[in-house]
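Visitor: I would like to take a close look at the charged pairs in this model. Could you walk me through them?

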Amino acid sequence: MATKLADRQLLWIDVDGRTSDLDNVAEAVGIDRRLAERLATEAKRADLTQYEDHIHLVIQAMEPPDEGDAEGSDPVRRALDLVAGRNWVVTVHDGPLKALERRDALTEGETRLGALDAAGFVAGIADEVLADYFDLAEAIEREIDHLDERALKSPRNDVLTQVVDLRRRIGLIRRTLAPHRLAFAPLGRPELELHDEVGRPWPGLIDRLERAIDAVENLRDLLLGTFDIHMGRAAQDANEVMKVLTLLSAVLLPSVVLAGVMGMNFKLPFFDEGGNFWIVVAAMVAFGVSMVIAARWRHWI
């Protein structure tokens, strides 16, 4: 099939798993031997390599954690190798990828698929992978909004723990996404234009990548806002506690002073009458009530 492709035909070979089948695929489409060896190992970073008659693009795909994973789990990262030649594209990955499933559903039943060259098809897959990053950014933004509400209600310690966890996840996404700039840059520079047989990819792919990076960067700003809300709410609660303690001290201070004066070691006729004890207690209560009334009048409480 690979040797009988017409000009208006495009062959897509999707290999799920880096197994011995790669040797057969490489031989069928004429992939360079060194590249076939590289495809057997999952790459850790995005990369672009040009060969004589085909190109090799590595994209790091990220998807939300599986439904069975614990809440707050890291996104699932899988390397996607795309090799494109004249009228054929080979994708290699470990495990299912939603980006490829969407691309497959988009092209299913399309009779004009031959009008799309290999470079355009690769750019379409890359765009679907970037769409998953936008979905991740949107999901984390919803988590930040929920965390903002919790931080406004009560400055609990677990809020700060979740802020740190979200910051770590955002950093992981950004460190995975940022290297794609080096891989996608040749797609937009004339001096590094892809091989003529492969075609020219969609020039808006780099802009799409920059918007994805900006979306992730915006998450960091939103998370800093959450931290400010948390610290502001904690400071407000601390002020409320200090206000209560200060008011309590102000209410009891006259009574303490009065008790100290009455406890001095000197003789007065006032102390000879036992009933005067209640007068002192009444004075202490009157001072306390006066302080509370004054605080209410001044809107301190």
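Visitor: Let me start with one side chain: is Arg102 buried, partly exposed or exposed?

Guide: Happy to look at that one with you, keeping in mind that this is a predicted model. Arg102 is partly exposed, with a relative accessible area of 30%. That places Arg102 in the middle class, because buried means under 20% and exposed means over 50%.

Now for the partner. Arg102 meets Asp132 in a salt bridge, with an N to O distance of 3.0 Å. Asp132 sits in helix 4, which covers residues 118-153, while Arg102 belongs to helix 3, so their pairing ties together parts that are 30 residues apart in sequence. The acid end of this pair is buried: Asp132 has a relative accessible area of just 4%.

From there, we can turn to another pair, Asp74 and Arg168, whose closest N and O atoms are 2.9 Å apart in a salt bridge. Here a loop is tied to a helix: Asp74 lies between strand 3 (55-63) and strand 4 (76-85), Arg168 lies in helix 5 (residues 157-177), and so the bridge links parts 94 residues apart in sequence. Both partners are partly exposed, Asp74 at 32% relative accessible area and Arg168 at 39%. This pair also belongs to a network, in which salt bridges with shared partners join Asp74, Glu143, Asp165, Arg168 and Arg169.

A further pair brings two loops together. Arg18 forms a salt bridge with Asp94, and their closest N and O atoms are 3.4 Å apart. Arg18 is in the loop between strand 1 (11-16) and helix 1 (21-29), and Asp94 is in the loop between strand 5 (88-93) and helix 3 (98-107), so this bridge ties together parts 76 residues apart in sequence. In this case the basic residue is the buried one, with Arg18 at 13% relative accessible area, whereas Asp94 is partly exposed at 32%.

To set these pairs in context, the whole structure holds 17 salt bridges. The chain has 8 helices and 5 strands, running β-α-α-β-β-β-β-α-α-α-α-α-α from the N terminus. Of its 301 residues, 38% are buried. Links across the sequence also show up in the contacts: among those between residues at least 6 apart in sequence, 69% join residues at least 24 apart. Finally, the accessible surface of the chain is about 17700 Å², and carbon and sulfur atoms account for 56% of it.

Conventions: Residues are numbered from 1 along each chain as its sequence is written. This is a predicted model: local features need pLDDT of at least 70, side-chain atom pairs count only at pLDDT 80 or more; totals for chains, interfaces and linings use all residues. Side-chain values use heavy atoms; hydrogens and water are left out. A salt bridge is a side-chain nitrogen of Lys or Arg within 4 Å of a carboxyl oxygen of Asp or Glu. Helices (H or I, at least four residues) and strands (E, at least two) are DSSP runs, numbered from the N terminus. Buried means under 20% relative accessible area, exposed over 50%, partly exposed in between (1.4 Å probe, protein chains only). Contact means heavy atoms within 4.5 Å. Accessible areas come from the Shrake-Rupley method with a 1.4 Å probe; for residues, only the protein chains shown count as cover.
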